[in-house]
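Open the model in your viewer and keep the sequence panel visible. The stops below say what to select next and what is there.

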Amino acid sequence: MTTDQLKELLGNYKWTLMVAFIMFVMIGFGYKLARIVDEGDSKKVQAQKETIAILSEENNALTTKVNQLEVAVELATLESENIAKTLSEQKKELEAQQELLSFYERVMAPEKTDDGFAIEGVEVFKLSDTSYQLRLVLLQSKQRKAVINGNIDIAIVGKRDGKPVRLESGKSSLLDEDVKYRFRFFQAVNVTLTIEEDIDVESIVFTTRVYQYKTRKGNYEVSVPWSEALSVDVE
């Protein structure tokens, strides 16, 4: 049945009432549907808010834990560095004591070493671009010690502009004269060397003729790499 037939059957008045009723029902249904949809959206928004709150709380807790762990790691790192520094200092101190003990053993207990003249503890400290302080100890490692004497020739071996060069004490600006010594057990030496800036130093050489009074007892020569002798700070 078409709408025209239905309208003709009911008449204009009833048809109008029926249309109005249907429209009212549709409006009511639409309103109810809108309320249902709105309530659903509200519940979704509320659920999202609760989820955000929970996630924010968890995030804050995790951030706090991460910060605590970072602090713990930093403290552990500092403690580890302090331990490593302490161990390094103790190692250096032990090495220094062992070196000192070895030195006195060579002086007081020559049977533990080879007989003869020796140079120990060679150290070079940079004072300026051309000035260096040289420290060393001369000792005698003979069981029956007598006074020995002589002069030590100090030489710097290196290169200048790629060519070999040798500076010797008493013969150049390195040192005005050879180092004189006279001792029975040991003698400390402390002198200042002058080395031109354009010289690439490779080693420092010590040469001497050892005398007991006026009797020649032998020759001694030793070469020390400059990199091993050169120290960072003046003590």
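In which sense do β7 and strand β8 (residues 215-225) pair, and over how many bridges? Select both: β7 and β8 pair in the antiparallel sense over 10 bridges. Strands here are DSSP runs of E of at least two residues, helices are runs of H or I of at least four, and both are numbered from the N terminus. Two strands pair if DSSP finds at least two bridges between them.

This is a predicted model, in which local features need pLDDT of at least 70 and side-chain atom pairs count only at pLDDT 80 or more, while totals for chains, interfaces and linings use all residues. Residues are numbered from 1 along each chain as its sequence is written, and side-chain values use heavy atoms, with hydrogens and water left out.

**Colour by confidence**

pLDDT is the predictor's confidence in each residue, from 0 to 100. The chain has a mean of 79, and 71% of its residues reach 70 or more. Confidence is highest in strand β4 (residues 163-168), at a mean of 94, and lowest in helix α1 (residues 3-108), at 72. Next select residues 108-115, where pLDDT stays under 50. For this stretch the model has 13 contacts beyond four places in sequence, a contact being heavy atoms within 4.5 Å.

**Around β7**

Return to β7 and select isoleucine 204, whose bridge partner in β8 is valine 224. The hairpin of β7 and β8 has two residues between the strands, and tyrosine 213 takes a positive phi near 60° there. Now add β3: 10 bridges join β3 to β7 (residues 199-212), and the two run antiparallel. Valine 205 in β7 stands opposite alanine 155.

Asparagine 151 is also placed in β3 (residues 148-160). Asparagine 151 is partly exposed, with a relative accessible area of 39%; buried means under 20%, exposed over 50% and partly exposed in between, using a 1.4 Å probe and protein chains only. Leaving aside neighbours within four places in sequence, its contacts include Asp178, Tyr181, Thr207 and Arg209.

**The open sheet**

Select β6, β2, β1 and β9, which form an open sheet in that order, with mixed pairing. The edge strands, β6 (186-194) and β9 (230-231), each pair on one side only. β1 (residues 117-126) and β2 (residues 131-140) pair in the antiparallel sense over eight bridges. Glutamate 123 has arginine 135 in β2 as its bridge partner.

Glutamine 140 lies in β2 and is buried, with a relative accessible area of 2%. A polar atom of the glutamine 140 side chain lies 2.8 Å from the backbone oxygen of arginine 184.

**Aromatic rings**

How many aromatic pairs does the structure hold? There are five. Rings of Phe, Tyr and Trp (its six-membered ring) pair if their centres lie within 6.5 Å; planes under 30 degrees apart count as stacked, over 60 as edge-to-face and the rest as tilted. Select tyrosine 132 and tryptophan 226: their ring centres are 5.5 Å apart and their planes are at 80°, so the pair is edge-to-face. Tyrosine 132 lies in β2 and tryptophan 226 in helix α2 (residues 226-229), so the pair ties together parts that are 94 residues apart in sequence. Both tyrosine 132 and tryptophan 226 are buried.

Another pair, tyrosine 181 and phenylalanine 183, is tilted, at 5.9 Å centre to centre and 50° between the planes. Tyrosine 181 and phenylalanine 183 are both buried. To finish, add Phe117 and Tyr220 to this selection: with Tyr181 and Phe183 they form one aromatic cluster.

Notes
A polar contact is a pair of N or O atoms within 3.5 Å; within protein, one must be able to donate a hydrogen and the other to accept it, and residues adjacent in sequence count only if both atoms are side-chain atoms.
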